[in-house]
Amino acid sequence: MLKLEGLSKTYKTGDAALSDVTLTIPKGQIVGLIGPSGAGKSTLIRCINRLVEPTAGKVLLGDINLARLGKTELRRQRRRIGMIFQEYALVERLTVMENVLSGRLGYVPFWRSFLRRYPGRDVQQAYRLLDRVGLMHQADKRADALSGGQRQRVGIARALAQEPELLLVDEPTASLDPKTSRQIMRLLTEVCAERDLPAIVNIHDVPLAQQFMQRIIGLRAGSVVFDGAPSELTESVLTTIYGAEDWHAMRRGDEEQSEAEADARDRMAALAE
Amino acid sequence: MSDKTYPTTWRRPPQIVADRRWRIALQLGILAYLVLAMGSVEVDWQRVSVGLERGQRFIMGFLQPDFTSRWNDISRGLVESLTMTLTSTVVGVLVSVPIGIGAARNLAPAWIYYICRSIIAVSRALQEVIIAIFLVAMFGFGPFAGFLTLSFATIGFLAKLLADDIEEIDEAQAEAIRATGASWWQLVNYAVQPQVMPRLIGLSLYRLDINFRESAVIGIVGAGGIGATLNTAIDRYEYDSAGAILLIIIGIVMIAEYGSSYLRKFLQ
Amino acid sequence: MTEITHYRQTWTHRTPRARLLLWTGWAALVALFLWCWQVMTENTIWAFVWDAPRQAADIGSRMMPPRLSYLPELMVPLWDTLNIATLGTIAGVIMAVPVAFLAARNTTPSTRLLRPIALFIIVASRSINSLIWALLLVAIIGPGLLAGIVAIALRSIGFVGKLLYEAIEETDARQIEAIEATGASATQVLSYGIVPQIMPAFWGISVFRWDINIRESTILGLVGAGGIGLKLQASLNVLAWPQVTVILLLILGTVVVSEWVSASVRKAII
């Protein structure tokens, strides 16, 4: 169980990215974090594993306050939190297997990781995870040889290799096409259910969030403005979260822009021939 | 989850040489070379241990440099080096521009292209020091030979990069200018010059820096400049003066580096 | 509707002020050039300069034909030259790696103290040509290959260190963040997050420097640091021009081959 108490973050520039966020996430719950860009979604999940240092407040994972740990102890606690990134953040020049095994880094001494001599149990588990995400036969390929969806699967396998008690997921589908996005979201919810794993998922795609999340938290200017079931996410709630601007129009604008970009790409391709 | 059993070991597949035999052969070859090469180095340890004391004196000289007692020689060498650097860079750039244009396949006819490319190749293949030896033999000792050496070396460096740049210019822009019925000169002026000018200025400043560093070297073979002063100081075992000269060189290079990055920002 | 009825007769590219500044800049450069030229040529003996073409023709005629029978004698010095360059590069790269990690903003343990020191080592090594290092080292540890190897190594630290630390600073921060998030230790972040990203740059830089070092080690013999330069110096001292031709041709050939090797290795890496 994860508990945030009065979590705040003010950047050096004086921007208050998070102010006084208090949340409780029970075991096995998948929470979607929505909000306009700059609302502090990314800061919030990075404050939990302290890739960003919170300025005030508590982060309680079980009964340990992560916000108050020294360097060594923080590293040990980070093993309990798996993280999945927007642009996959795989080490591109390493093989798929090395990327999955890198989830074990917090558990093995340096010489083992340096010589790639991981314990048999770790290797076995890595293969099991690769099989689970459907990439059993890609183990020896380099990460940069995979497609976007495949890379995100490796990212999921890496996070699960940590045997985490919590998953932090930062815009998992932002660089994927709609169909692959749904596959990845389905995989995520399935693996969380299999392990009874709580997860916080940053997501900008509201329909996708409504389809897959059990609970939605709306963030605006660093504060929680909505916390409830996906079905409670009405038009007026969305207006509170995304501001006075018509969020439908915003999304339509996005589509238009991507259409225009695709069109431009096609024309460029035609010119190049 | 299935009850399948998974392997418990994994080896990173070799990334470059896939064949195991080749890999071993390659490793043995490298090992054999290293043994042979190290074996060819004859070290007179007695001489080295004597030298360590001198090395210590040199380091002390570096830490407590003596700028004053040889200041006349140092300042003369410095003035020669600096003037040589500037004049050779200016002349070198002026000559490199036509040669660079001539060595660009998309602008020059074939015979000019080959002439210009061979000038570049000769200039690049020969060390500055070797060119300096010949030019000193022809023009006598002093900074004039050094000036010629550095100008010639600048041509090889700048003209090549300029030519490669011109060959990579955006053809669409050149096409557009050509379509207006422009002459060859107008084409160079409107389509090529704007595209390569910022880089040409940047490269010239960079070359100014290189030329100063090289001017310290060619003095050793008699082409004037701070190198001659340095050579004398080391020959006389005056390590504190030598240390001073080296510190001056390092200082000027640092100033040149900061100055040129500032100037480049200003010009853009 | 109002219509614009008069246009300016002349079109200018820049504002008058900018143009003035630009022209002043160019004029200052020309003045500086002329002044430098004046100072530099103060002591030039112009008779020698006018005599240069005749001298050139004279040297040219003496250099021909090359004395090819001298070639076998050059093989051992050539081998020495290759060794100076290769061993010097290896030693230089080994020393440059820690310097680069200390100099890179994202890996340095202290920006206040260690980073400036590392940057100074880099700039000092880059400012001083290997021939000057060799001059010093021959005076300190005596003539021979060792002085040449050390000279090449000292010069390589700055070059490799600079390019490598720039490569380290350009690494993708997200990949490093992802490794940190797994609970990896600092050394593990280095070996999983950073090292794989800079490997291609590392090999490319090393081979590139090796190529330059071959070129530089050919002349180190001029100051007594071993290799084929020793033979060049000896031949120049006794004015044996036909031998000089052979040596120069051999140097040229070596340089061309090493450039080809380095270019093809770099292509294979990328």
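Select Arg104(A) and Tyr107(A). Arg104(A) lies over the face of the Tyr107(A) ring, 4.0 Å from the ring centre. Keep in mind that you are looking at a predicted model. Now add Arg79(A) to the selection. Arg79(A) also lies over the face of Tyr107(A), at 4.5 Å from the ring centre.

**Loops of chain A**

Stay in chain A and go to Glu163(A). Glu163(A) sits in the loop between α6 (148–161) and β7 (166–170). Check its backbone: phi is near 50 degrees, a positive value in a residue other than glycine. Why look twice at that sign? Most residues other than glycine have a negative phi. Show the surface as well. Glu163(A) is partly exposed, because its relative accessibility of 35% falls between the 20% limit for buried and the 50% limit for exposed.

Next, select Asp196(A). This residue is in the loop between α7 (178–195) and β8 (199–202) of chain A. Which sign does phi of Asp196(A) have, positive or negative? Phi of Asp196(A) is positive, near 55 degrees. Asp196(A) is partly exposed, at 41% relative accessibility.

Move on to Gly222(A). Look for it in the loop between β9 (215–220) and β10 (223–228) of chain A. Is Gly222(A) buried or exposed? Gly222(A) is buried, with a relative accessible area of 0%. Now select Thr43(A) too, and draw a line between the two C-alpha atoms. Gly222(A) and Thr43(A) are 179 residues apart in sequence, but their C-alpha atoms are 9.0 Å apart in space.

**Aromatic rings**

Show the aromatic side chains in every chain. How many aromatic pairs does a search of the whole structure find? The search finds twelve over all chains. A pair of aromatic rings is described by the distance of the centres and the angle of the planes.

Pick one pair: Tyr33(B) and Trp79(C). The ring centres of Tyr33(B) and Trp79(C) are 5.8 Å apart, and the planes are at 85 degrees. The pair is edge-to-face, because the angle between the planes is over 60 degrees. Colour by chain to see that this pair crosses between chains. Tyr33(B) belongs to helix α1 (residues 20–40) of chain B, and Trp79(C) to helix α3 (residues 75–103) of chain C. Tyr33(B) is partly exposed, with a relative accessible area of 22%. Trp79(C) is partly exposed too, at 31% relative accessibility.

Then select five residues together: Phe139(B), Phe144(B), Phe147(B), Phe33(C) and Trp37(C). These residues form one aromatic cluster.

**Helices of chain C**

Return to α3(C) and switch to a cartoon view. Two packed helices are described by the angle between their axes and the distance between the axes.

Add helix α6 (residues 145–169) of chain C. The axes of α3(C) and α6(C) are 5 Å apart, at an angle of about 40 degrees. The two helices are therefore oblique to each other. Their crossing is right-handed. Show the side chains at this contact. The contact of α3(C) with α6(C) has 21 nonpolar, six polar and two charged residues.

For the last stop, swap α6(C) for helix α4 (residues 114–127) of chain C. The axes of α3(C) and α4(C) come within 8 Å and cross at roughly 130 degrees. That angle makes α3(C) oblique to α4(C). Which hand does the crossing of α3(C) and α4(C) have, left or right? The crossing of α3(C) and α4(C) is left-handed.

Terms used:
Residues numbered from 1 in each chain as written. Chains lettered and ligands numbered in written order. Predicted model: local features only at pLDDT ≥ 70, side-chain atom pairs only at ≥ 80, totals over all residues. Heavy atoms only, no water. Phe/Tyr/Trp six-rings, centres within 6.5 Å; stacked < 30°, edge-to-face > 60°. Helix = DSSP H or I, 4+ residues; strand = E, 2+ residues; numbered from the N terminus. Buried < 20%, exposed > 50% of the residue type's maximum accessible area, 1.4 Å probe, protein only. Lys NZ or Arg CZ within 6 Å of the ring centre and 35° of its normal. Axes fitted to C-alpha atoms, helices over the stretch in contact; angles between N-to-C directions. Parallel < 35°, antiparallel > 145°, perpendicular 65-115°, else oblique. Left-handed = near helix turned anticlockwise from the far one by under 90°. Nonpolar A, V, L, I, M, F, W, Y, C, P; charged D, E, K, R; others polar.
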